[in-house]
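Q: I should like to learn how to read the features of a protein model. May we work through one case together?

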Amino acid sequence: MTEGIWRYAPTAGHTPDDDLTGYRVEASDGHIGKVDKHSADVDSQYLVVDTGVWIFGRKVLLPAGVVTLIRHEDRTVHAARTKEEIKAAPEFDEDKHLGDPRYRDQLGGHYGSGH
C-alpha cells in the first residue's frame, strides 16, 4: 500500500508544472496550514506544510498520495487524513529528514497504513 503514497493520484488534479507553495492545506476535518515547499520528483512527491500555531508552529511532511484534490481556483490542497493523524506523524526536521530513506519509509508506513 505504501508504494503509491509518494505519487499524486491521477484524480487529484496535480500537473508537473504546479507550484503549490502558499496553498492552504485542509485535512479531512479542517484547516492544518499552508504549503511551505513541495517536491514533484517522480516517485518522491510530497508537501512540506507549515502548521503555524496549530501544532506549535512545526512543519509536517505529507506524501503526495494523501492528497485527494488540488483546487487551483481557491489555492487549496485537500488531504485524506484527519488533523490527529497528521499530528501523530513521525516528527519532521527539514535538515535531517529530506532525502533520508529511513524517514521516508517510516512516514510511508504511518500514512500508508491509514493510521
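The dialogue below moves from the overall fold to the sheet and then to single residues.

Q: What kind of model is this, and which helices and strands does the protein have?

A: This is a predicted model. The protein has three helices and six strands. Read from the N terminus, the order of elements is β-β-β-β-β-β-α-α-α.

Q: How does the radius of gyration of the protein agree with that of a compact globule?

A: A compact globule of 115 residues would have a radius of gyration near 13 Å, and the protein has 13 Å, so the two agree. The C-alpha trace spans about 35 × 30 × 25 Å along its principal axes. Of the 115 residues, 42% count as buried. Among contacts with a separation of 6 or more, 54% are between residues 24 or more positions apart. The accessible surface comes to about 6,200 Å², and 49% of that area belongs to carbon and sulfur atoms.

Q: In what order do the strands of the sheet stand?

A: Strands of a sheet pair through backbone hydrogen bonds, and the pairing may be parallel or antiparallel. Here six strands form an open sheet in the order β4-β3-β2-β1-β6-β5, with mixed pairing. Strands β4 (59-63) and β5 stand at the edges with a single partner strand each, so one side of each has no neighbour in the sheet. From one strand to the next, the twist averages 35°.

Q: Which bridges join β1 to β2, and how many residues lie between these strands?

A: Four bridges join β1 to β2, and the two strands run antiparallel. They form a hairpin with two residues between them. One of the bridge pairs is Ala27 with Gly30 in β2.

Q: How many bridges join β2 to β3, and what is found in the turn?

A: Strands β2 and β3 run antiparallel and are joined by seven bridges. This pair also forms a hairpin with two residues between the strands, and Asp43 in the turn has a positive phi of about 60°. Within the pairing, the bridge partner of His38 is Leu47 in β3, and Val35 stands opposite Val49 in β3.

Q: How is β3 joined to β4, and is β3 mostly covered or uncovered?

A: Strand β3 (residues 44-50) is joined to β4 by five bridges, and the two run antiparallel. Asp50 has Lys59 in β4 as its bridge partner, while Val48 stands opposite Leu61 in β4. Strand β3 is mostly covered, with five of its seven residues buried. Helix α3 (residues 101-112) lies across β3 and β4 and runs at about 75° to β4.

Q: How should one read the surroundings of a residue in a strand, with Lys37 as the case?

A: In a regular strand the side chains alternate between the two faces of the sheet. Lys37 lies in strand β2 (residues 30-41). Its relative accessible area is 31%, so Lys37 is classed as partly exposed. Leaving aside neighbours within four places in sequence, Lys37 is in contact with Thr21, Leu47, Val48 and Glu94. With Glu94 there is a polar contact between the two side chains, at 2.3 Å. Lys37 and Leu47 are ten residues apart in sequence, and their C-alpha atoms are 6.0 Å apart in space.

Q: Is Glu26 buried or exposed, and which residues is it in contact with?

A: Buried means under 20% relative accessible area. Glu26 has 14% relative accessibility and therefore counts as buried. Glu26 lies in strand β1 (residues 24-27). Beyond its neighbours within four places in sequence, Glu26 is in contact with His31, Thr76, Val77, His78 and Ala79.

Q: What does one look for in the phi angle of Arg75?

A: Most residues other than glycine have a negative phi. Arg75 has a positive phi of about 50° although it is not a glycine. Arg75 is found in the loop between β5 (67-71) and β6 (76-79). With a relative accessible area of 40%, Arg75 is partly exposed.

Definitions and conventions:
Residues are numbered from 1 along each chain as its sequence is written. This is a predicted model: local features need pLDDT of at least 70, side-chain atom pairs count only at pLDDT 80 or more; totals for chains, interfaces and linings use all residues. Side-chain values use heavy atoms; hydrogens and water are left out. Buried means under 20% relative accessible area, exposed over 50%, partly exposed in between (1.4 Å probe, protein chains only). Contact means heavy atoms within 4.5 Å. A polar contact is a pair of N or O atoms within 3.5 Å; within protein, one must be able to donate a hydrogen and the other to accept it, and residues adjacent in sequence count only if both atoms are side-chain atoms. Two strands pair if DSSP finds at least two bridges between them. Axes are lines fitted to C-alpha atoms, for helices over the stretch in contact, and angles run from 0 to 180 degrees between N-to-C directions. The radius of gyration is taken over C-alpha atoms; the globule rule is 2.2 Å times the number of residues to the power 0.38. Accessible areas come from the Shrake-Rupley method with a 1.4 Å probe; for residues, only the protein chains shown count as cover.
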